[in-house]
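Okay, thanks everyone. I'd like to spend a couple of minutes on how two chains meet, so have a look at the screen.

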Amino acid sequence: MIAMVLVAALAGSPDSLVRPEMVGPGVISTEFNEFGGALTLDGDTIYFSRSVPRSYAYAILRSHRTAKGWSQPDVAPFSGRWRDHDPILTPDGQRMYFLSDRPIDGVRPTTYHIWVMHRSANGWSEPQVLGAPFNHFEFLWFISETRDGVVYFNVQPTDGPARIYVTRRTETGYSSPELLPPEVNIPNWDAREPYIAPDDSFMVFDAGPANDVEAYDLYVSDHRDGRWTPARKLTVLSTPTRDYSPRITADGRWLYYTSEHGFGDTPRDRALTYPEIEQALHSVLNGLGNIYRVPIAAVHDTSG
Amino acid sequence: MVKRAMLVWLSGALCATRGTLSAQPVLFAPGVVSTPDYERSAAFTPDGDTVYFVKRSAEPYYSVICVSARVHGRWTTPRVAVFSGRYNDSDPAVSRDGRALVFMSTRGGAPHLWIVHRAAGGGWTAPEALPSPVNSDGAEMTPAFGPDGSLYFASTRPGGAGSFDLYVAHRDGHGWTTPASLGAPNSSGFEIGPAVSPDGTLLVFMSAGREDEMVGPGTSYSRGDLYASRKVGDAWGPPVHLPVPMNSAAAECCPSFSPDGETMYFTSERGFAMDTPERPFTWPAMETGLRSVLNGLGNIYAIPTRQVREAATR
């Protein structure tokens, strides 16, 4: 009962154009912690992260679209041992990036690195770690890429807020990374998880006061004539909890994202009873991440 | 009570460490208090037969103080404390005489300390915020009572050594003295969760970000470990990092003592996924772990205070 009321609240007013839709309720979005849903080019497979809360373990899972909806996910063949998360597919479907702390040359790192796999007739290649210029940074969070090989990625410095950089993939490697301007890298705020539109025309990312992860919301910045517009909060889908982990589908039609919205962030006019609390803690809306999608119009809707 | 506690220790796993008999911590009231949900912060009434504790969501979006009673030796299904359940409350601490309970709440906005008193005919009075100078313009959390009724707690008030530091306020008529830093236990890192033994000689607390904190393999997450200081004259001595099995690579926090001082309770997130598995997780294996009591969400453990004291004396 509580769960149904909250889904209605998240969907906004009845006349809203934007209706966030939970992806695979009970199958992909469950009482466990999910985030980062990446669709293959044909839209028939979704890769996403599921974790032991509080970062004790992460795995990348995959599910296939069937006539009856999404199939029961299994751990992807390349994942399940190390902390693998945040799968990202390039718009041409030929590369999959993900973040991992798996060993590099036999040595387990103490931070995350970006790994890439290439698509072939036999499936995905063995993961390879991205070297220069990414390994210049100590702690990497996220990467995405346009159709033309412009690459945005995310760095967590030890002594300041998370920052977004851009580089270009070339025949021989990557160009020297450049820090995006303060329109995106908002002063004193963490700017995280840049997901670039396939045509480089806008970016969705999450941001919030530094180190206040639970307060992150999704923002958009438009990229016009080489400039970035000041980041605008996606108020139509933001909640009091963390909203993050954006993906834009290769066809440009959908924004997939993650929200920790649940029973805990809705004001209560009375005390919950113990049975009600137990039921809520075991529900899909227990405050752990779930994956949602909205039509891309939500990103450009400035009415909110 | 003492006899029952001894039986619990003897039925727990025993192992010899450094020449002393070292018991593993015992899960407190498994399946009743310690469940697959997130529990922390046990606080007992003076007779030891009622426990207040916190149940919360994995990320701290919802937090509630619950209570369970021991009936014929068994802990009964908890209920929500009469003063909790609507707002986010945490960190219960029961006074030595059982007449007052202090807890952290965001019901007034920022995290501060609130108090309820035993009402005539049972139950508790309506919560009231503790006055200044106990509550400050910063944040306060994790209260604990000392043997003389003084109030220990963590605060971000100006003048501290780090983000959260430990303070003590003494009774002053019907009010409180200006809180004083506990001194040596505080660092430029993060200290919360003080607990003072009923004899007043041992302080155990949580600190995060120290060099000796235990972390797991791979990406390094600072989650907090337990430290202990002994009373030296009127001051607390330099803290000692408590060893395994009191600490683990998972988060430990929220120590407290049984009213007789024989047992220390603490919260730990130790669980099935702390070490890299030898073979990749399948989803069924991961799901089994995630549905278990040791799913990485907090549980409450008990360990003999003697063992803590021995570690703190080394």
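So, to kick off: how many salt bridges does the rule find across the interface of chain B and chain A? The count is 2. Keep in mind that this is a predicted model. In one of the bridges, Arg54(A) pairs with Glu269(B), and their closest N and O atoms sit 2.7 Å apart. Looking at polar contacts across the interface, we get 22 residue pairs, both partners at pLDDT 80 or more.

Now, which parts of chain B are doing the touching? The elements that give two or more residues to the side facing chain A are β5, β6, β8 and α2 of chain B. Of these, α2(B) provides the largest share, with 4 residues. Sorted by class, that side of chain B has 24 nonpolar, 12 polar and 12 charged residues.

As for the overall extent, 48 residues of chain B and 49 residues of chain A take part in the contact. Between them the chains bury about 3900 Å², and 58% of that is on carbon and sulfur atoms.

Let's flip over to chain A and its helix α2, residues 274–281. Buried here are Tyr274(A), Glu276(A), Ile277(A), Ala280(A) and Leu281(A). Down the axis of α2(A), these buried residues fall within an arc of 160°, so they line one face of the helix. On the other side, Pro275(A) and Gln279(A) are exposed.

And what covers the buried residues of α2(A)? The cover includes strands from the partner chain, namely β5, β6 and β8 of chain B. Those three strands also turned up in our list for the side of chain B that touches chain A.

Methods. Residues are numbered from 1 along each chain as its sequence is written. Chains are lettered from A and ligands numbered from 1 in the order in which they are written. This is a predicted model: local features need pLDDT of at least 70, side-chain atom pairs count only at pLDDT 80 or more; totals for chains, interfaces and linings use all residues. Side-chain values use heavy atoms; hydrogens and water are left out. Contact means heavy atoms within 4.5 Å. Buried area is the accessible area (1.4 Å probe) that two parts lose on being put together, summed over both. A salt bridge is a side-chain nitrogen of Lys or Arg within 4 Å of a carboxyl oxygen of Asp or Glu. A polar contact is a pair of N or O atoms within 3.5 Å; within protein, one must be able to donate a hydrogen and the other to accept it, and residues adjacent in sequence count only if both atoms are side-chain atoms. Ala, Val, Leu, Ile, Met, Phe, Trp, Tyr, Cys and Pro count as nonpolar, Asp, Glu, Lys and Arg as charged, and the others, Gly among them, as polar. Buried means under 20% relative accessible area, exposed over 50%, partly exposed in between (1.4 Å probe, protein chains only). The arc is that of the directions from the helix axis to the C-beta atoms.
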